[in-house]
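Biologist: I am new to this structure and should like a close look at a single part, namely the buried core and the residues around it. Could you please describe it in one connected account?

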Amino acid sequence: MTLVPSPSPPSSGPSTIDPLELRTDLALARSVVYRALTVGLRLPSVSSLSALASGRAALLEAAALLDSSSHAAEPLLPAVRALADLAPANAADLTASHARLFGHSQGLVCPFETEYGSGGSFRQPQELADIAGFYLAFGLRPAAGADERADHVACECEFMDFLARKEAFVLASGREPDGIRASEAEEMQDVIRRAAAGFLRDHLARFGLAFATRLMKEAGGGFFGALGGVLVRLLNLECERLGVPAGAPTLEVRPPALDDVPMGCGTACGVEPGPVQIEIRGRP
């Protein structure tokens, strides 16, 4: 799946649009924020930084819309604004920071879900298989030639972006006279919602807060620290929306020596292409 920037949500507030249109806009808004995290957590490049800069207005608008429908204690918009207000960064400088934080074994901040928590190395293959199962259920697989693991935080954010865009598509199609039947659209929305809740509960939200908290600490502010702040706020909003528990802000990371699973970031830590990108497997 080659991802493209999601369309920005309309600027009209919730009181001026019908419920189905609002649900569509909220799904697109979630996609915009997940997409920014996906791009930002990958190996920096001139093109990725340009994409983030060009999407600044859409990102701010998406965060404001999500906040308007949430009762979370910490709104998303301040964290997104902190990221959006950063001066344009140099790709070479960010690449060095990326390598320091994520590269060479586990780095300062491990981006791989299955390295977090207890259970020993026997749990890791089971968890990786479960993550791949979520992707395959929606016709997704690692892109050809990708050498990054499926449990990388950027890949998991990309999957949530995909689910949000799929939800928006289903909602929009259900409003068209020649689109999906209402009953079928409701059934598909239920499948997407249950998948998103299950994936957050068992995977991204389970370790995401610990990852983001550690990232903010180790990054010491700047671009990657701001990304960590956005991820914390978004996961809290998403867990509230879907009624799933957020993970602990601190989790133990297993030492690399405990098993033989390679922990190097491969091309993601120094040479393009970046971490795993998921793509459509056959027909969706």
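Modeller: Cys155 is buried because its relative accessible area is 0%, where buried means under 20% relative accessible area, exposed over 50%, and partly exposed in between, computed with a 1.4 Å probe on protein chains only. This is a predicted model, in which local features need pLDDT of at least 70 and side-chain atom pairs count only at pLDDT 80 or more, while totals for chains, interfaces and linings use all residues. Residues are numbered from 1 along each chain as its sequence is written, and side-chain values use heavy atoms, with hydrogens and water left out.

Cys155 belongs to helix α7; helices (H or I, at least four residues) and strands (E, at least two) are DSSP runs numbered from the N terminus. Its C-alpha atom is 9.8 Å from that of Val39, although 116 residues separate the two along the chain.

A second buried residue is Tyr34, which counts as such because its relative accessibility is 0%. Tyr34 sits in helix α1, and its C-alpha atom is separated by 8.9 Å from that of Phe162, 128 residues apart along the chain. Residues up to four places away in sequence aside, Tyr34 touches Cys157, Met160, Asp161, Leu200, Leu204, Leu234 and Glu238, a contact being heavy atoms within 4.5 Å.

Two of these partners, Leu200 and Leu204, lead to the largest nonpolar core, where they are among the members that touch the most other members. A nonpolar core is a set of buried Ala, Val, Leu, Ile, Met, Phe, Trp, Tyr and Cys residues joined through side-chain atoms within 4.5 Å. This one holds 77 residues, and Leu76, Leu163, Phe211, Leu215 and Phe224 also belong to the group with the most such partners. At least two core residues come from each of α1 (19-41), α3 (56-68), α4 (77-84), α5 (91-102), α6 (123-137), α7 (153-174), α8 (182-219) and α9 (222-242). The greatest contribution, 16 residues, is made by α8. Phe211 touches Leu41, Phe102, Val109, Cys110, Pro111, Tyr116, Val153 and Leu231, again without residues up to four places away in sequence.

A charged residue can also be buried here: Arg42 is classed as buried because its relative accessible area is 10%. Arg42 occupies the loop between α1 and α2 (46-54). Its side chain makes a polar contact with the side chain of Glu158 at 2.6 Å. A polar contact is a pair of N or O atoms within 3.5 Å; within protein, one must be able to donate a hydrogen and the other to accept it, and residues adjacent in sequence count only if both atoms are side-chain atoms.

Two of the helices that supply the core, α3 and α4, also pack against each other. Their axes come within 9 Å and cross at roughly 170°; α3 and α4 are therefore roughly antiparallel to each other. Axes are lines fitted to C-alpha atoms, for helices over the stretch in contact, with angles from 0 to 180 degrees between N-to-C directions, and an angle over 145 degrees counts as roughly antiparallel, under 35 as roughly parallel, 65 to 115 as roughly perpendicular and the rest as oblique. From α3, Arg56, Leu59, Leu60, Ala63, Ala64 and Asp67 meet Leu77, Pro78, Val80, Arg81, Leu83 and Ala84 of α4.

Leu86 follows in the loop between α4 and α5 and is partly exposed, because its relative accessible area is 33%. Apart from neighbours within four places in sequence, its contacts are Gly222, Phe223 and Ala226. The C-alpha atoms of Leu86 and Phe223 are separated by 7.1 Å, with their positions 137 residues apart along the chain. By contrast, Ala137 in helix α6 counts as exposed, because its relative accessibility is 61%.

For the protein chain as a whole, there are nine helices and two strands, and 51% of the 284 residues count as buried. Among contacts between residues at least 6 apart in sequence, 79% join residues at least 24 apart.
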